[in-house]
Amino acid sequence: ARYGVALYYVPVSPKLNENSPVFINHPEVKGSRIAVNSPGINIHCLCSSNKTSLAFHAEVMQNLFTEVPQLGGLILIIGGESYYHCFMRSDVAGLPPGVKTNCPACRTHNAEQNVAGFLKNTADAVHSVKPGAPVLAWPYSAQMWTSDYDQLELINRMAPGTGLFSEIDKDQLVPKNGYKKLIWDYSLDFTGPSDRILKQTAAVRKKELPLFIKTETAIGLEMIHVPYVPSMYRWAEKWRNVLNLQPDGVAQSWMFFGMWGSRSEELAWWTNWCPEIPVNETMELIARRDFGNAAPVVTSAWRKVSSAVGHIPCIPD
């Protein structure tokens, strides 16, 4: 806090056994049974529409921001993991086509309206303690529960006080030589912006909601096993594409490598905070500082690596 740095929390909701004391004492809060690969395991989330369940969530968030007043805000992954609601990974085996959850209270609800209300409940609780703290919905892999590929219906239903957190590159099909490459996650190759983020940005701007962009600074999942890929010219291009969206905030690493002082991380710093300096000039200065007279050879190598990562045919699963 001395340096103006705030932590943003990514909460993970409880997933409880069907015989949990919570469900025995408050059966009305038992939400959707979650689909799992282990037979005989029956776990449920807390219901995302029940008033008592929503009060539980609100109480937790009010307590959190009361006890930790310097907390910056919340990032709520409401797609395929983390901040569970009754439409996330619900076990719909045996249910009629089109039914998206097995929760008795939520199964007749519109999924986007349900999730938007869940987000509003959380944001209202946070803002009762810390007005203005960003409460951001991250629809990472939301295609698991919504047929709206770009999540525009969800955005249109989101209340003031909530915002969107989304990726610069994810979920794009990129034409290649004779095939299309699916950018299902963070990429070294595709620098964005995806068609999806362009549509999301337009929808968010229309509603005047905050927009935060997720990217990576040093790796892509094509080569997640290394801490730094010096495809510097592609990194520069990706950062320009991030900045062109004019987001309210940017997250540049997600629990992978990338926050240890690599040159690509330094390039991100210069690109973000000194955009008036031409990117080529920044890279030449970094190369000259670190490699002296060999700088031209190094920048040439950076160009070749930047070109080479475009030939990686897929993002491995």
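This tour moves from the whole chain to one small sheet and ends at a single residue pair.

Begin with the entire chain selected, bearing in mind that the model is predicted. Colouring by secondary structure should bring out 9 helices and 11 strands. The radius of gyration is 22 Å, close to the 20 Å that the globule rule gives for 317 residues, so the chain is as compact as a globular protein of that length. If you align the view with the principal axes, the C-alpha atoms fill a box of roughly 70 × 50 × 35 Å.

Next, switch to a contact display and a surface. Among contacts with a separation of 6 or more, 71% join residues that lie 24 or more positions apart, and buried residues make up 48% of the 317 residues. The surface that the chain exposes comes to about 15400 Å², of which carbon and sulfur atoms supply 57%. Selecting the charged side chains then gives 29 positive and 29 negative charges, whose mean positions are 2 Å apart.

Now select residues 16–17, 30–33 and 43–46, which are strands S2 and S3 and strand S4. How are these strands ordered in their sheet? They form an open, antiparallel sheet in the order S2-S4-S3, and the edge strands S2 and S3 each pair on one side only.

Finally, zoom in on S3 and S4, which pair in the antiparallel sense over 2 bridges. Which residue of S4 stands opposite Arg33? With both strands shown as sticks, the residue to pick out is His44, which stands opposite Arg33.

Methods. Residues are numbered from 1 along each chain as its sequence is written. This is a predicted model: local features need pLDDT of at least 70, side-chain atom pairs count only at pLDDT 80 or more; totals for chains, interfaces and linings use all residues. Side-chain values use heavy atoms; hydrogens and water are left out. Helices (H or I, at least four residues) and strands (E, at least two) are DSSP runs, numbered from the N terminus. The radius of gyration is taken over C-alpha atoms; the globule rule is 2.2 Å times the number of residues to the power 0.38. Buried means under 20% relative accessible area, exposed over 50%, partly exposed in between (1.4 Å probe, protein chains only). Contact means heavy atoms within 4.5 Å. Accessible areas come from the Shrake-Rupley method with a 1.4 Å probe; for residues, only the protein chains shown count as cover. Lys and Arg count as positive and Asp and Glu as negative; His and the chain ends are not counted. The place of a charge is taken as NZ of Lys, CZ of Arg, CG of Asp or CD of Glu. Two strands pair if DSSP finds at least two bridges between them.
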